[in-house]
Amino acid sequence: MNRTPVVIAWTVAATCVALVLCAYVFVVAGFMPANADAKPGKIERWAAKRSLRVAIARETKTMHGPATSTDSVMTMGVRLYKANCAVCHGASDAKRSSVADGLYVEPPQFAKDDVTDDPIEMTYWKITHGIRFTGMPSYSKSLTDDQRWAIAAFLRHQDSLPPTALAAWKTMPSAADTASR
Ligand code: HEC
């Protein structure tokens with residue numbers, strides 16, 4: 001009788017069990033990085049970025065944001081941004097807060113590194129669901145749908161804001177001051 005298939009099956013099974021055991025020991029012995037003051041490894045970054053890109057592409061395919069946004073909607077977006085986001089993403093002076101400085105994945109300071117090129121649906125998705133492994137929170141529980149679209153509209157048009165929204169953005173207090181007070 002040819003025993004080769006049986007030997008192969010046992011070898012594959014034993015290798016799988018050994019890998020699972022190694023992974024378990026890695027975690028329970030405290031080797032899995034649990035600190036927030038080191039840069040994440042290459043594999044972690046690749047896996048997080050890749051799955052985020054694919055998940056957003058899939059889930060926003062049939063989503064349609066508002067075709068136009070008014071000054072008052074974007075002004076509301078700026079106000080909500082001030083209360084919920086500026087602590088990490090900064091005000092119009094792009095000065096980082098102590099919270100932003102302590103995150104191991106750097107939150108972009110939107111005053112210099114904006115998302116106006118991203119589709120509004122993508123930004124809405126990120127605000128709604130957050131971004132795993134990064135510190136970017138989900139706002140699906142704390143903000144309504146309209147509020148999340150309003151912030152997304154502000155960020156989408158950040159380089160061409162209408163007058164009232166622009167004034168609100170330009171006069172927003174620095175995040176650096178707020179965090180150290
Ligand atoms: C506690 C800090 C924190 C808060 C508060 C926060 N974010 Fe973020 N955000 C992050 C981090 C960190 C990233 C970077 C994630 C990455 O690189 O994948 C991020 C990424 C993003 C991105 C993607 C940027 C890009 O260049 O692709 C958007 C859009 C965004 N945040 C919007 C918001 C909005 C809007 C709010 C408020 C409703 C908010 N964030 C609140 C930490 C925060």
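How are α2 and α6 oriented to each other, roughly parallel or roughly perpendicular? The tour below reaches that pair after the domains and the ligand.

The model is predicted: local features need pLDDT of at least 70, side-chain atom pairs count only at pLDDT 80 or more, and totals for chains, interfaces and linings use all residues. Residues are numbered from 1 along each chain as its sequence is written.

**Domains.** Select residues 1-32 as domain 1 and 42-180 as domain 2; such bounds come from an automatic or database domain assignment. The centres of the two domains, taken over C-alpha atoms, are separated by 44 Å.

**Ligand.** Next, display the 21 residues that surround the ligand, a residue being near when its C-beta atom, placed from the backbone, lies within 6 Å. Cys85, Cys88, Pro107, Thr134 and Met136 are the closest. The shell comprises 15 nonpolar, five polar and one charged residues (Ala, Val, Leu, Ile, Met, Phe, Trp, Tyr, Cys and Pro count as nonpolar; Asp, Glu, Lys and Arg as charged; the others, Gly among them, as polar). At least two shell residues come from each of α4 (86-89) and α6 (120-129); helices are DSSP runs of H or I with at least four residues, numbered from the N terminus.

**α2 and α6.** Now select α2 (residues 42-60) together with α6: the axes lie 10 Å apart at an angle of about 115 degrees. Axes are lines fitted to C-alpha atoms, for helices over the stretch in contact, and angles run from 0 to 180 degrees between N-to-C directions. The two helices are therefore roughly perpendicular (65 to 115 degrees; angles under 35 count as roughly parallel, over 145 as roughly antiparallel, and the rest as oblique). Ile56, Glu59 and Thr60 of α2 make the contact with Glu121, Met122 and Trp125 of α6, where contact requires C-beta atoms, placed from the backbone, within 7 Å.

**α6 and α7.** Keep α6 and add α7 (residues 145-156); their axes come within 9 Å and cross at roughly 130 degrees. That angle makes α6 oblique to α7. On α6, show Ile120, Thr123, Tyr124, Ile127 and Thr128; their partners on α7 are Arg148, Trp149, Ile151, Ala152, Ala153, Leu155 and Arg156. This contact has eight nonpolar, two polar and two charged residues.

**α3 and α7.** Finally, select α3 (residues 71-84), whose axis comes within 7 Å of that of α7, crossing at roughly 95 degrees. α3 is thus roughly perpendicular to α7. Residues of α3 in this contact include Val73, Met74 and Leu80, and those of α7 include Gln147, Ala150 and Phe154. The contact divides into ten nonpolar, two polar and no charged residues.

Definitions and conventions
Two residues are in contact if their C-beta atoms, placed from the backbone, lie within 7 Å.
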